[in-house]
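Here are my comments on the model you sent, set out as numbered points. They deal with enclosed and open spaces and with the packing of helices.

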Amino acid sequence: MPITQPPDVLKLLAHDVRWSLIQALRLSDYRVHELVEQLETPMNLISYHLKLMREAGIVMMHKSEADGRDVYYSLEHDALRHMFEAAGGSLYPAHQAEDYTRGGLKALSPLRVLFVCTHNSARSQMAEALLRESSSDAIAAFSAGSHPSDIHPDAIRTMQMMKIDIHTQKAKHWNLFSGQSFDYVITVCDRAREICPVFPNGQIMHWSFPDPAAVQDVNARQAAFEQTAAGLKARIRLLLDVIQQAAA
């Protein structure tokens with residue numbers, strides 16, 4: 001068989017700093033100075049390697065909704081997963097990525113996860129429903145906001161397209177959960193991350209999703225909701241894999 005060059009994704013991530021960035025961004029989004037602190041690496045090097053990863057399509061950046069001067073970096077999870085699967089296929093064509101069974105999650109009950117955003121009307125509501133559906137109700141999923149309002153019709157419509165009904169879910173203030181213990185507390189809104197209260201024992205994560213409800217054009221807004229739902233689903237899939245691996 002002909003000898004071929006290593007896949008680009010393997011060459012890209014073989015560098016120590018870029019591999020460390022992937023690990024840091026795996027479950028949570030961060031700003032540059034937070035990555036500098038975590039990796040104990042100069043900012044100019046962090047910025048350089050983030051730029052290379054953005055050009056490769058495995059890292060994205062966007063301005064914080066809370067403070068337009070801040071920028072959050074996050075992984076393009078589906079793109080990275082597909083690149084790794086393609087890289088594995090170059091050696092093992094018959095290999096198919098393992099899909100963890102959700103049955104194993106039953107033993108983890110009652111694991112509790114709280115999703116937090118500002119209005120608890122779209123992102124956090126969809127995340128709550130997607131986690132409940134993906135875990136077959138093995139994980140107790142909740143959502144709340146700092147200024148709760150009605151669930152956005154496009155959120156309901158988008159979930160219906162995914163065969164998930166959320167029209168009976170209600171927006172809740174996060175004070176309702178004050179003092180309760182959660183295994184994971186995940187902010188899906190930049191503004192909420194800045195002011196999120198402390199919940200006992202919970203591992204804090206941040207998933208930086210722009211607010212799809214802020215899009216003015218009707219068609220573009222629906223597309224934004226669908227993109228947000230797809231992104232949440234990819235994050236939740238990874239979270240479930242991590243939870244199940246840790247329990248194995």
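**Notes on the cavity, a pocket and two helix pairs**

1. The largest cavity is lined by Cys117, His119, Ser121, Ala122, Arg123 and Asp211. Please keep in mind throughout that this is a predicted model. By class, the lining of this largest cavity splits into two nonpolar, two polar and two charged residues. Its volume comes to about 40 Å³, and a search of the whole structure finds one cavity of 30 Å³ or more.

2. Arg123, one of the residues lining the largest cavity, also takes part in a helix contact, since helix H6 covers residues 123-134. The axes of H6 and H9 come within 9 Å and cross at roughly 45 degrees. An angle of 65 to 115 degrees would count as roughly perpendicular and one under 35 as roughly parallel, and H6 and H9 are therefore oblique to each other. The crossing of this pair, H6 and H9, is right-handed.

3. On the H6 side, the contact is made by Arg123, Met126, Ala127, Leu130, Leu131 and Ser134, while H9 contributes Phe225, Thr228, Ala229, Leu232, Lys233, Ile236 and Leu240. Sorted by class, the contact of H6 with H9 holds nine nonpolar, two polar and two charged residues.

4. Helix H9 (218-247) also helps to line the second largest pocket, together with strand E2 (59-63), strand E3 (71-75) and helix H5 (77-89), each of these elements giving two or more residues to the lining. The largest share, seven residues, comes from H9. The second largest pocket holds about 450 Å³ of space and is lined by 22 residues, of which Met60, Glu76, Phe209, Gln227 and Gly231 lie nearest its centre. The lining of this pocket divides into ten nonpolar, seven polar and five charged residues.

5. How are helices H2 and H3 placed relative to each other? Helix H2 (residues 16-24) and helix H3 (residues 32-39) pack at an angle of about 110 degrees, with their axes 11 Å apart. Because angles of 65 to 115 degrees count as roughly perpendicular, H2 and H3 are described as roughly perpendicular to each other. The crossing of H2 and H3 is right-handed, as is the crossing of H6 and H9.

6. Where H2 and H3 touch, Val17, Ser20, Leu21 and Ala24 of H2 meet Leu35, Gln38 and Leu39 of H3. This contact of H2 with H3 comprises five nonpolar and two polar residues, with no charged residues, whereas the contact of H6 with H9 includes two charged residues.

Key: Residues numbered from 1 in each chain as written. Predicted model: local features only at pLDDT ≥ 70, side-chain atom pairs only at ≥ 80, totals over all residues. Heavy atoms only, no water. Axes fitted to C-alpha atoms, helices over the stretch in contact; angles between N-to-C directions. Helix = DSSP H or I, 4+ residues; strand = E, 2+ residues; numbered from the N terminus. Parallel < 35°, antiparallel > 145°, perpendicular 65-115°, else oblique. Left-handed = near helix turned anticlockwise from the far one by under 90°. Contact = heavy atoms within 4.5 Å. Nonpolar A, V, L, I, M, F, W, Y, C, P; charged D, E, K, R; others polar. 1 Å grid on protein atoms, 1.4 Å probe; cavity = no way out; pocket = protein on both sides within 12 Å on 5 of 7 lines; lining within 4 Å. Points joined across faces, edges and corners; volume = space filled by probe spheres on them.
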